[in-house]
Amino acid sequence: MKGLHLLLIGMAVALTPGSAAAADSDLLNGVKRNPEEARAMCQDFRALNDRGQSAYAKATTRDVAKARRISRPDAEVLITYVVGIHCPDVR
C-alpha cells in the first residue's frame with residue numbers, strides 16, 4: 001500500500017504544471033524538515049474528512065495555497081505529498 005502512495009505522489013509531481021519549480025523549492029522540504037507541520041496538516045485534513053469534505057477539494061487546495069502563499073498547483077503537490085507520506089488514511 002505504501003508503494004502505491006509513493007507512486008501516486010510521483011505521478012502527481014510529474015503531471016502537475018509547475019512541478020519542477022515545486023520540486024526545486026522548499027515546498028516539500030519544509031514538511032520534510034518539520035514533521036510537526038505535516039502532522040498539523042493531517043489533523044486539518046482529518047477534520048475535513050469528518051465533515052464529509054475532501055483534502056483534495058478545490059476549496060482545500062485554494063485555502064492551502066492562500067495560507068502558504070503558493071500557487072494552486074504547488075498546493076496540490078504539497079497536499080498529495082503530505083497525505084501520501086504522513087496520513088494515508090485521509091481522503
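## The buried side of helix 4

Helix 4 has these buried residues: Ala 38, Met 41, Cys 42, Phe 45 and Leu 48. They sit on the same side of helix 4, because the arc they cover around the axis is only 115 degrees. The model is a predicted one.

Why can residues spaced along a helix share a side? An α-helix has 3.6 residues a turn, so residues three or four places apart point the same way. In this model, the buried residues of helix 4 pack against three helices: helix 3 (27–33), helix 5 (58–68) and helix 6.

## The other side and the end

Turn to the other side of helix 4. Here Glu 36, Gln 43 and Asp 50 are exposed.

Helix 4 is 16 residues in length. From first C-alpha to last, helix 4 reaches 22 Å, close to the 22 Å expected at 1.5 Å a residue. Just after helix 4 comes Gly 52, with a positive phi of about 80 degrees.

## The disulfide

How many disulfides does a search of the whole structure find? It finds one. This disulfide joins Cys 42 to Cys 87, with an S to S distance of 2.3 Å. Cys 42 belongs to helix 4 (residues 35–50), while Cys 87 lies in the segment after helix 6 (72–86), so the pair ties together parts 45 residues apart in sequence.

Is Cys 87 buried or exposed? Cys 87 is buried, at 0% relative accessible area. Its partner Cys 42 is buried too, at 2%. The disulfide is left-handed, because the torsion about the S-S bond of Cys 42 and Cys 87 is about -80 degrees.

How values were computed: Residues are numbered from 1 along each chain as its sequence is written. This is a predicted model: local features need pLDDT of at least 70, side-chain atom pairs count only at pLDDT 80 or more; totals for chains, interfaces and linings use all residues. Side-chain values use heavy atoms; hydrogens and water are left out. A disulfide is a pair of cysteine sulfur atoms within 2.5 Å. Helices (H or I, at least four residues) and strands (E, at least two) are DSSP runs, numbered from the N terminus. Buried means under 20% relative accessible area, exposed over 50%, partly exposed in between (1.4 Å probe, protein chains only). The expected span of a helix is 1.5 Å times one less than its number of residues. The arc is that of the directions from the helix axis to the C-beta atoms. Contact means heavy atoms within 4.5 Å.
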